[in-house]
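Reader: Please take a close look at a single part of this model, beginning with one loop residue and the residues it meets. I would then like the account to be carried outward from there in one connected description.

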Amino acid sequence: MSEGKLEPWQWPEAQWRGIVDHVRAGRALRPASWPGGARCAVALSFDSDHDTNELRDGGESIGRMSQGQYGNRQGVPRILELLARHGVPASFFVPAVTALLYPEEQQRVVGAGHEVALHGWIHERNSVLPLQAERDLMLRSAEALERVTGQRPVGLRTPSWDYSPHTLPLIVEMGLEYDSSLMADVDCYELLLDGQPTGVVELPVEWIRDDAVYFNMNRFAALRPYTAPADVLDIFRRELEAAHREGGLFQLTMHPHVIGYRSRIWILDELIRHAKSLGGVWFATHAEVVRHVRAST
Ligand SMILES: [Zn+2]
């Protein structure tokens with residue numbers, strides 16, 4: 001029997017250590033101060049999945065794709081209006097297929113001073129892809145975003161919020177500055193590949209700070225997780241207040257086709273208002289946060 005066929009409880013120590021140590025959090029990158037003497041950084045992000053949530057598994061539901069199109073027609077415009085009103089920048093993680101379906105949307109996002117970054121080709125389950133397919137899609141996605149926006153993306157959020165064994169080597173090969181898909185900390189950290197520092201900064205996400213977790217429902221499943229909008233604000237607000245108290249980073253993930261409804265968009269409005277009322281808050285794109293922590297840690 002080969003070593004790979006052993007059950008987990010039979011694995012020799014070198015095997016389980018090797019699995020754990022392949023990609024690991026390295027040194028923490030919490031800066032002593034944030035720009036302008038701020039005590040807290042707020043990094044808002046939007047994953048503009050739109051129709052790709054349906055397409056990625058081969059679905060052709062016209063109803064579900066119409067929900068995706070809502071993200072373009074209503075979600076993003078409401079978000080851009082709100083961000084402009086508050087004068088706050090954000091990062092938009094955009095699958096290449098979304099960018100090709102809605103190029104004007106991405107041009108509007110970049111034109112308003114926000115960041116557009118990588119989020120796969122068609123929101124594929126990147127963590128199960130063979131190396132050549134994953135590499136090809138990452139390279140094509142970067143080319144597509146650059147063609148549409150005129151700017152080369154410097155960061156990635158993987159569609160699966162997960163890695164294959166090849167993802168980090170591909171990030172290094174592409175020379176990306178950061179990833180925002182993993183969850184080992186509340187502060188930025190350097191990613192280690194087989195124990196070696198890569199220079200790639202991780203700006204961590206968490207399902208707790210993701211709107212889709214609280215609002216999405218599956219029409220045909222008995223279980224319909226649903227949290228009241230006021231309760232979602234309460235969770236996000238506590239995360240923000242603690243980050244402010246600790247002098248750290250508050251990162252949030254939203255989706256235009258999830259948060260961009262009349263009964264939900266106020267959560268973001270209220271959260272930005274609250275952040276401003278705390279004082280000493282630096283609003284920045286993910287790329288700006290990463291460049292600051294890289295320069296000052
Ligand atoms: Zn996504």
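Author: Apart from neighbours within four places in sequence, Val 154 is in contact with Leu 176, Glu 177 and Ala 287; two residues are in contact when their C-beta atoms, placed from the backbone, lie within 7 Å. The model is a predicted one, in which local features need pLDDT of at least 70 and side-chain atom pairs count only at pLDDT 80 or more, while totals for chains, interfaces and linings use all residues. Residue numbers start from 1 along each chain as its sequence is written.

Val 154 sits in the loop that leads from helix H6 (131–149) to strand S5 (155–156). Helices (H or I, at least four residues) and strands (E, at least two) are DSSP runs, numbered from the N terminus. Val 154 has 19 C-beta neighbours inside 10 Å and therefore counts as partly exposed. On this scale a residue is buried with 20 or more other C-beta atoms within 10 Å of its own, exposed with 12 or fewer, and partly exposed in between, the C-beta atoms being placed from the backbone. Between the C-alpha atoms of Val 154 and Met 183, which are 29 residues apart along the chain, the separation is 20 Å.

The helix that precedes this loop, H6, also contains Leu 139. With 14 C-beta neighbours inside 10 Å, Leu 139 is likewise classed as partly exposed. Leu 139 and Arg 264 lie 35 Å apart, C-alpha to C-alpha, with their positions 125 residues apart in sequence.

H6 has a helical partner as well. Two packed helices are described by the angle between their axes and the distance between the axes. For H6 and helix H7 (residues 167–174), the axes come within 10 Å and cross at roughly 40°. Axes here are lines fitted to C-alpha atoms, for helices over the stretch in contact, and the angles run from 0 to 180 degrees between N-to-C directions. H6 and H7 are therefore oblique to each other, since angles under 35 degrees count as roughly parallel, over 145 as roughly antiparallel, 65 to 115 as roughly perpendicular and the rest as oblique. Their crossing is right-handed: the near helix is turned clockwise from the far one by less than a right angle, whereas an anticlockwise turn would be left-handed. From H6, the residues Glu 134, Arg 135, Met 138 and Ala 142 meet Thr 167, Leu 170 and Met 174 of H7. The residues of this contact comprise 4 nonpolar, 1 polar and 2 charged, where Ala, Val, Leu, Ile, Met, Phe, Trp, Tyr, Cys and Pro count as nonpolar, Asp, Glu, Lys and Arg as charged, and the others, Gly among them, as polar.

Another helix pair can be described in the same terms. Helix H9 (residues 229–246) packs on helix H11 (residues 265–278) at an angle of about 25°, and their axes are 10 Å apart. H9 is thus roughly parallel to H11, and the crossing of H9 and H11 is right-handed. On the H9 side the participants are Pro 229, Val 232, Leu 233, Phe 236, Arg 237, Leu 240 and His 244, and on the H11 side Ile 267, Glu 270, Leu 271, His 274, Ala 275 and Leu 278. In the contact of H9 with H11, 9 residues are nonpolar, 2 polar and 2 charged.

Other loops deserve mention. Pro 95 lies in the loop between strand S3 (91–94) and helix H4 (96–101), and is buried, with 29 other C-beta atoms within 10 Å. Residues up to four places away in sequence aside, Pro 95 touches several residues, among them Asp 49, Thr 52, His 119, Trp 121 and Pro 159. Pro 95 and Glu 143 are 12 Å apart, C-alpha to C-alpha, and 48 residues apart in sequence.

His 50 belongs to the loop between strand S2 (40–47) and helix H2 (52–55). Most residues other than glycine have a negative phi, but phi of His 50 is near 45°. His 50 is buried, having 30 other C-beta atoms within 10 Å. Asp 194, also not a glycine, has a positive phi of about 50° and is placed in the loop between strand S7 (189–193) and strand S8 (196–202). Asp 194 counts as exposed, with 12 C-beta neighbours inside 10 Å.

As for the setting of these parts, the protein comprises 12 helices and 10 strands, and buried residues make up 40% of its 297 residues.
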